[in-house]
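Me: I'm new to this structure and I'd like to look closely at one part instead of skimming the whole thing. Could you pick a single residue, show me its surroundings, and then work outward from there?

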Amino acid sequence: MKSLYYILFIVIFGSKYFFIICQNVPSPRHQQTSTLVDTKFYFFGGFTIIGASNEVWYLDLSSSFNISTPPWHSDVVMPVGYNFGTSYLSPIDNSTVFLIGGRTWITNTRNFSYTSSVYKFDSRTSQWTAPTIKNFNSSFQSRNEMQAVIDNNGKIFVFGGINRGNNDNITTTAYNDMNILDSNTMIWSTQTQSQSVLVNIDYTATLLPSGLIVYIGGRGSNPANLNNISQVRIFDTKSYTWSNKSASGSIIASRGDHSAVLTQGGNIIIYGGSTYDSSGNIAYVFSDLAVLNTNSWAWSVPSVSGTNAPPLTQHSAALYKNYMIIAFGATSATNLRTNNIYIIDIQNYTWVTTFNVHTTTNTAKPTQNYSTDQANNNLYIGIGIGAGVVILALVLFVIGFFIYKYRHKQSIATPGTPMNDHIRETQMSTVYTLGIPPPETYARNPIY
């Protein structure tokens, strides 16, 4: 009988995993990079419990959904495991995503393997390529923990960052150089900064329509040395010059590994982030939201309603219409991975549980390959559900067989037992006297 309980236990808990597989849901992760392409919010790589992932996932934002059941879709995997990199959408064709820097690994392992510092992903054909770069800066090899921006002419600007050794230990060098890749010609150039421009990693970089890049937060070469978030550093992509702005207003705690999005009104909204210990590990994770007005250069903390998102760091965020969508990340120093998403409506700063396309303005047009992707994912989901049903049916058949065998074994008694006598009694022929009708019932009284 114990074996039946074991089988039942496996069915109950196994069904949970069958359901998860059928749902086509990404595993919890952090340190991924992300890019919004039309109505698809893409996520590349990240670090999972197994190691550096090469998976590509996207959220379909073309229809409404509840955050408890987000419309996840998988795409063609990356050539390598990938984390702590940066990505940006080309404004030239609005379909090519550039991945710059980052740590590259043998897929789903913790074995570092440098291959290329630049990858291109064509979201229309789901094809990956590693372009040939001219005049590449060799010191940029394995550079990570930085963010890139791309201007309207297709020039990619990447500031600072830090290198990682093959044994995954931080080297003694962090950088303050500005690396520029012209995505049209694939020509690389590096601008060396003066010592007054401090090294920086784990910051956010936001490109304003004026051509200014706004750098917020981050830390220097000392793992626990956070940059003052009220001192905003600005790089002019037209004159290639630096300047500083002292932000007024609310006092915001300094941090790194936060997220930032730019609104149409010129406000930069940041969320989460963390502090670090002397070894560079996460010490404390923030759950606050703050707004930097780039016209007045003043910080403010809006009054937020709804159920707050948890503390998050090393997560992703994007602004789609009036929704700031936040995904993945670490929630504490010990809980390093999640696969949840959270949405805040920036029109009234309310955390919402439903993404409703009817409440957004200027509904975006779906990408050309949406129908194909949707059909493929429906096929995969159907195959997963079918396989789950077949496996579950087989397990139930085995359980039924064991129950049948168990009951059949109980019904067969050993000769000489009272049960055997009872069986023999029920199988004996009944003799009736001629002329006397048989009784309708017979009482079997025990004989003593």
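**Starting at K245**

Reply: Let's begin with K245, which you'll find in strand β22. Keep in mind that this is a predicted model. Is K245 buried, partly exposed or exposed? Its relative accessible area is 34%, and since the partly exposed class runs between 20% and 50%, K245 counts as partly exposed.

Who does K245 touch, once neighbours within four places in sequence are left aside? The list is S230, Q231, V232, I234 and W297. W297 is worth a second look: K245 and W297 are 52 residues apart along the chain, yet their C-alpha atoms are separated by 7.3 Å.

Now zoom out to the sheet around β22. Four strands make up this open sheet, in the order β19-β20-β21-β22, and they pair in the antiparallel sense. β22 (241–246) is one of the edge strands and β19 (204–207) is the other, each pairing on one side only. From strand to neighbouring strand, the sheet turns by 25 degrees on average, direction ignored.

Hop to the far edge. β19 runs antiparallel to β20 (residues 212–216), and four bridges join the two. If you want one pair to find on screen, try T204, whose bridge partner in β20 is I216.

Carry on past β20 and you come to the loop between β20 and β21 (231–236), where R219 lies. What does the side chain of R219 meet in a salt bridge? Its partner is E145, with 3.5 Å from N to O. Since E145 is in the loop between β12 and β13, this pair ties together parts that are 74 residues apart in sequence. R219 counts as buried because its relative accessibility is 4%, and E145 counts as buried too, at 6%; the cut-off for buried is under 20%. The pair also belongs to something wider: salt bridges with shared partners join R103, E145, D202 and R219 into one network.

Let's stay with E145 for a moment. The strands on either side of its loop are β12 (143–144) and β13 (148–150). Its side chain makes a polar contact with the side chain of R103, at 2.7 Å. Not counting residues up to four places away in sequence, E145 touches F84, R103, G161, I162, R164, I201, D202 and R219. So when you click on E145, you can see its network partners R103, D202 and R219 among the residues it touches.

How many salt bridges does the structure hold? There are seven. One of them starts in strand β12, just before the E145 loop: R143 sits in that strand, and D177 lies in the loop between β16 (170–174) and β17 (178–182), 34 residues away. In this salt bridge, the closest N and O atoms of D177 and R143 are 3.0 Å apart, and both residues are buried.

Another salt bridge is formed by E55 and R29, with 2.5 Å between the closest N and O atoms. E55 is in the loop between β2 (40–44) and β3 (56–60), while R29 is in the loop between α1 (2–23) and β1 (33–37), 26 residues apart. Here the two partners fall into separate classes: E55 is partly exposed, with a relative accessible area of 27%, whereas R29 is buried at 2%.

E55 also falls within a stretch that carries a record annotation. An unreviewed UniProt entry lists "transmembrane region" for residues 6–25, 41–59 and 379–404. In the model, residues 41–59 are 0% helix and 42% strand, and the C-alpha atoms at the two ends of this span lie 5 Å apart.

To finish, here is a second open sheet to set beside the one we began with. It has four strands in the order β30-β31-β32-β33, with antiparallel pairing. β30 (316–320) and β33 (350–352) are the edges; each has a single partner strand, so one side of each has no neighbour in the sheet. The twist from one strand to the next averages 25 degrees. At the β33 edge, β32 (residues 341–345) pairs with β33 over three bridges, and I343 stands opposite V352.

Methods. Residues are numbered from 1 along each chain as its sequence is written. This is a predicted model: local features need pLDDT of at least 70, side-chain atom pairs count only at pLDDT 80 or more; totals for chains, interfaces and linings use all residues. Side-chain values use heavy atoms; hydrogens and water are left out. Two strands pair if DSSP finds at least two bridges between them. Axes are lines fitted to C-alpha atoms, for helices over the stretch in contact, and angles run from 0 to 180 degrees between N-to-C directions. UniProt positions are given in the numbering used here, feature names are shortened, and annotations may be inferred rather than shown by experiment. Buried means under 20% relative accessible area, exposed over 50%, partly exposed in between (1.4 Å probe, protein chains only). Contact means heavy atoms within 4.5 Å. A polar contact is a pair of N or O atoms within 3.5 Å; within protein, one must be able to donate a hydrogen and the other to accept it, and residues adjacent in sequence count only if both atoms are side-chain atoms. A salt bridge is a side-chain nitrogen of Lys or Arg within 4 Å of a carboxyl oxygen of Asp or Glu.
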